[in-house]
Number of protein chains: 2
Amino acid sequence: MTPKTQREWRIAGHPDGRPLKASDFELATAPMAEPGPGEVLVATRYLAFEPAQKSWMENAAGYKAPVKIGDVIPGSGAGVVAASRHPGFAPGDLVYGDLSWREFNVMPGEALDKAPEGVPLDAVLSVMAGSGRTAYLALMKVGRPVAGDTLVISGAAGAVGSLVGQIGKIAGCRVIGIAGGAEKCAWLTDELGFDATIDYKGEKVRSRLRELCPAGVDIFFDNVGGEILNDVLARLALKARVVICGAISRYNFDPRSEEMPPGPRNYFNVVFTGATIQGFLAPHYRRDFPEADARLAGWVRDGRIMARPDLLQGIENAPAALMRLFEGGNRGKQLVRLTET
Amino acid sequence: MTPKTQREWRIAGHPDGRPLKASDFELATAPMAEPGPGEVLVATRYLAFEPAQKSWMENAAGYKAPVKIGDVIPGSGAGVVAASRHPGFAPGDLVYGDLSWREFNVMPGEALDKAPEGVPLDAVLSVMAGSGRTAYLALMKVGRPVAGDTLVISGAAGAVGSLVGQIGKIAGCRVIGIAGGAEKCAWLTDELGFDATIDYKGEKVRSRLRELCPAGVDIFFDNVGGEILNDVLARLALKARVVICGAISRYNFDPRSEEMPPGPRNYFNVVFTGATIQGFLAPHYRRDFPEADARLAGWVRDGRIMARPDLLQGIENAPAALMRLFEGGNRGKQLVRLTET
């Protein structure tokens, strides 16, 4: 039986163009919702976090439907079906989708995917779902790896970056991760099989790139932007592909202002190399989601990709989990677990 | 009979990171050279100018072989064969290639192309050769126009831009040119058939783009960089292609310094649109030169492309011709004619 009330996080402030703070979030108690026809009641087991959620909270152009103060915070996660009025779902089914920050979500059945056989929910959220689809599709469809390519990844210890590196190894690339701190770098090489790393906090990115990529960078997978992007643009190989997937360095600026940080002045090197800079946004690749899901699930089952989520415990830690992303606090996919086990 | 001496322009200063000035050039008299085996003596009829020639004079990375003070200035042009020791050429042949700034050039036969039947030398230089190949290949192979696309061109009244617009019309695009001044804009619409123009000196580029491209820009062909590039990046359509062909706004900076102007801060819009920014450099497309040459020659003969070179008279005006490019002085391809007719 489901309880009569549940806890949920609501938007208390729009963080337009400044870092998130605790007062942007309000924990409230709400009545339990009932599923209508075609709907499913999901008990949340995990919430998943990504930097774009800050943009959702500030109604940045190009992202989700607008939110207002007092709305439940939109997000993503996984859970167990508690009640179903949709013929495709039964109580006990393990599902994932765009769950909001609440203990129970009423969702249309069409908005949910079932967790594949043999892939636990925390692995679904860290290796498949948003981050996995993004890593697989952005690398494969935009980066277009060729065996032997040198693949450089910024934000390599993040949820997407740590997967891109593992997929790049499967595709036959030499994989170099850029991350902040010796501990993250050691994790990338020792646990995830990266070939080399650059610690941007302790090393000079430009000179390390020169050492590690004497023949240039064939694919740059960028989650960071700013000076790291600019430095890699100076080292592109002929016909290089630069995948713009994110720009954590830009999240604390109001995109509507003129104060956005400057773009990469080395962009003009694309002329000398014939290189391509292309953006990636997952919704443009919806028809390829089944391909991504099937391959990723197979690689998790095979043990070729390791799910290494970064877990916080309890829904009360959801704001802290989101804020960690902007401090570089997480290593791998940031999740919050709502149950004890 | 050829004279015993000839005039030639030599490099007297490297304009590293500053505008060109008259003292960078020295007009000298040199002995006539004799063609060796396999070589051809060409009497220069026209010299052709492009912004990259400044980079050649300052030995910028990514361009031609280095030059030193006192060297004859490398360039391109067209002329008449005066003497030949190459079996493929005979006196009187009309040829074009990388002629230096001198009245007579000795060239290996392999470095020369013959002017096609029915295309006068000034049309060869303005519609084919460097500018034409660049316009055709950068638009077709990187821009990849689809009939119905909205094509926006910066530096539209320049040698390359004015051709890109005409080729874009042949490909079925709606063509919008950005140029400086009402006179250039009128020339683009009235003589060259552009659909609309934006005078960046007299109009607000951003608001004019909003008016003229309500559904966004499918192809942006950029010869300018700077704020114009940034403004267009804010108006990209889904899956837009941005062709980086040049950046006249960057030529008066030393590329080795940290003072290069910032890149376009709106680059991140490629994420929301899935757009591609790709560079073009003609030597990467050598195998496509015959295709470009054949199509362009055909369109000149058909009258579908108009050659509208901007002519100065006399080799003594070569430095002025090059400097005009950076002042926006030219309309169409800048040439210097060495003979009276």
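Select helix α5 (residues 182–190) of chain A: in this predicted model, α5 lies across β9 and β10 of chain A and runs at about 170° to β10(A). Next, add helix α7 (residues 226–233) of chain A. Helix α7 lies across four strands of chain A, namely β8, β9, β11 (217–222) and β12 (236–244), and its direction is at about 170° to β11(A).

**The strands under the helices**

Show β8 (residues 150–154) and β9 (residues 174–179) of chain A. These two strands pair in the parallel sense, over five bridges. To find the register, pick A:L151, which stands opposite A:V175 in β9(A).

Now extend the selection to the whole sheet, across both chains. The sheet is open, has twelve strands and shows mixed pairing. Reading across, the order is β10(A)-β9(A)-β8(A)-β11(A)-β12(A)-β13(A)-β13(B)-β12(B)-β11(B)-β8(B)-β9(B)-β10(B). At the edges are β10 (196–199) of chain A and β10 (196–199) of chain B; each has a single partner strand, so one side of each has no neighbour in the sheet. On average, neighbouring strands of this sheet are turned by 15° against each other, with direction ignored.

**Where the chains meet**

Zoom to β13 (residues 276–279) of chain A and its counterpart β13(B). Three bridges join these strands, which run antiparallel. Which residue of β13(B) is the bridge partner of A:I277? The partner is B:I277.

Widen the selection to the full contact between the chains, where 25 residues of chain B touch 25 residues of chain A. On the chain B side, the elements that give two or more residues are α8 (269–273) and β13 (276–279). By class, that side holds 15 nonpolar, eight polar and two charged residues.

**The nonpolar core**

Select A:V243 and B:V243. Within the largest nonpolar core, which has 201 residues, these two touch the most other members. Around B:V243, leaving out residues up to four places away in sequence, the contacts are B:A138, B:L139, B:V142, B:G143, B:I219, B:F220, B:F221, B:D222, B:Q278 and B:F280.

**A helix crossing in chain A**

Finish with α3 (residues 129–143) and α9 (residues 289–302) of chain A. Their axes come within 9 Å and cross at roughly 105°; α3(A) and α9(A) are therefore roughly perpendicular to each other. To display the contact, select A:G132, A:R133, A:Y136 and A:L137 from α3(A), with A:F289, A:A292, A:R295 and A:L296 from α9(A). This contact comprises five nonpolar residues, one polar residue and two charged residues.

Terms used:
Residues are numbered from 1 along each chain as its sequence is written. Chains are lettered from A and ligands numbered from 1 in the order in which they are written. This is a predicted model: local features need pLDDT of at least 70, side-chain atom pairs count only at pLDDT 80 or more; totals for chains, interfaces and linings use all residues. A nonpolar core is a set of buried Ala, Val, Leu, Ile, Met, Phe, Trp, Tyr and Cys residues joined through C-beta atoms within 7 Å. A residue is buried if 20 or more other C-beta atoms lie within 10 Å of its own, exposed if 12 or fewer, and partly exposed in between; C-beta atoms are placed from the backbone. Two residues are in contact if their C-beta atoms, placed from the backbone, lie within 7 Å. Axes are lines fitted to C-alpha atoms, for helices over the stretch in contact, and angles run from 0 to 180 degrees between N-to-C directions. Angles under 35 degrees count as roughly parallel, over 145 as roughly antiparallel, 65 to 115 as roughly perpendicular and the rest as oblique. Ala, Val, Leu, Ile, Met, Phe, Trp, Tyr, Cys and Pro count as nonpolar, Asp, Glu, Lys and Arg as charged, and the others, Gly among them, as polar. Two strands pair if DSSP finds at least two bridges between them.
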